[in-house]
Structures are given as C-alpha cells and as structure tokens.
Amino acid sequence: MKKGAIFGLITGASLALVLACGGGESTTTTSSPTQVPTKAAETSSAASTTASSSGAADITIEMQDLPGYAYLPADIEMNAGETYNIRLVGSAEFHTWSVADANGDWIANISINPNAEQTVSFTAPAAGTYEIICLPHQATGMVGTLTVN
Ligand SMILES: [Cu+2]
C-alpha cells in the first residue's frame, strides 16, 4: 500500500513537469525571434574590441643569414611574469632562438626552420639579464640579450 502511494506521487509529479515544460517552451518561442538578432550584434562588436587590445604584447624577431648572422632585433625587453607572443621569422638557413637561465637550463629553445615562421607564447622569467643564442651560429655572433624588468 505504501509503495503504491509513493509511485502515484512520482507519476503525478513527472506529469506536472511535462506539462510545465511544454507550456514554457511554447511561450518562449513566440516572443524570442525579434529579440535574438539585436543581442547577437551587441556581443560580436564587444568581442572584436577585446581581441585587438590583447595583441599589444607581440614581439617580432627576424633571422638574418650571411654576411652577418643576427637576430633583428638582438636585444629585447620584457616585464617579469608577463606572457608575450613572439613571432619568429625564418630565413634561408636553420636557426634557433634559445634562452638559458643562470644554471644553463633552457627557458626557451625554439627551432626556426628555413623560410618558416611561427609564433610562440613565452612567459618572462624573474627579473635579470639572459643570453639569447642561436645554437648553429653562436660562434659567428648570432646572439642577443633578454632583459627582464
Ligand atoms: Cu642562426
């Protein structure tokens, strides 16, 4: 007898839910078509403003081959803890953009293939001065300095 009473309650409750959902849906459908396009236009204009301001921290470094192996620019500055998008533009030869910490461990060690271009996300380490080297061309002067403030 008790089990039957509980089952009856559940069945009644789910019926009420189905009826409530059906009623709610039909009401929403009739009123929404005129409001949706206006809201979508407002959202997209706000999103484009955010995207243009977030690209402010970009740094572009170009690789230079003979007669003078070099990074253009060789010396860059960053703020500690800030994340930068570094665009590395390759030349005819293979290069690396390698940055070591005081212990000689790589903070960054990025390969730049011939005539390839890539953008890497790099978070500046603690304040200090770091040496940037190109592994194949370090001996011929392809070095730079990362100054973190
Ligand atoms: Cu190089």
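Donors are counted here as N, O and S atoms within 2.8 Å of the metal (3.2 Å for Na, K and Ca), and sites may look incomplete since water is not among the atoms. The model is predicted, with local features needing pLDDT of at least 70, side-chain atom pairs counting only at pLDDT 80 or more, and totals for chains, interfaces and linings using all residues. Residues are numbered from 1 along each chain as its sequence is written, and side-chain values rest on heavy atoms, with hydrogens and water left out.

On that basis the copper ion picks up four donor atoms: ND1 of His 95, SG of Cys 134, ND1 of His 137 and SD of Met 142, at 1.9 to 2.5 Å. The angles among them run from 93 to 131°, and the site comes out as tetrahedral, a label that asks for all angles of a four-donor site to lie between 85 and 135 degrees. Along the chain, the spacing of the donors reads H-x38-C-x2-H-x4-M. His 95 sits in strand β5 and His 137 in the loop between β8 and β9, so this pair ties together parts 42 residues apart in sequence. Strands here are DSSP runs of E with at least two residues, numbered from the N terminus. Both histidines are buried (under 20% relative accessible area with a 1.4 Å probe, protein chains only; exposed is over 50%, partly exposed in between): His 95 is at 0% and His 137 at 7%.

His 95 also turns up among the contacts (heavy atoms within 4.5 Å) of Ile 110, together with Leu 88, Thr 96, Trp 97, Gln 118 and Val 120, leaving aside residues up to four places away in sequence. Ile 110 belongs to strand β6 and is buried, with 14% relative accessible area. Its C-alpha atom is separated by 9.4 Å from that of Cys 134, 24 residues apart along the chain.

Now for the sheet. Strands pair if DSSP finds at least two bridges between them, and five of them make an open sheet in the order β3-β9-β8-β5-β6, with mixed pairing. β3 and β6 are at the edges with a single partner strand each, so one side of each has no neighbour in the sheet. β3 and β9 run parallel, joined by four bridges, with Ile 76 opposite Leu 146. β8 and β9, in contrast, are antiparallel and share six bridges; Glu 131 has Thr 145 in β9 as its bridge partner. Elsewhere, β1 and β4 pair in the parallel sense over four bridges, with Glu 62 opposite Val 89, while β4 and β7 run antiparallel over seven bridges, with Asn 85 facing Ser 121.

Side chains along β3 alternate: Ile 76 and Met 78 are buried on one face, whereas Asp 75 and Glu 77 point to the other and are not buried. Met 78 is also one of the residues touching the most other members of the largest nonpolar core, alongside Ile 61, Ile 86, Leu 88, Trp 97 and Leu 146, out of 24 residues. Such a core is a set of buried Ala, Val, Leu, Ile, Met, Phe, Trp, Tyr and Cys residues joined through side-chain atoms within 4.5 Å. Elements giving two or more residues to this core include β1 (59-64), β3 (75-78), β4 (83-89) and β9 (143-148). Ile 61 touches, among others, Tyr 71, Pro 73, Ile 76, Ile 86 and Trp 97, not counting residues up to four places away in sequence.

Notes:
Tetrahedral: all angles 85-135°; square planar, octahedral: opposite > 155°, others 65-115°.
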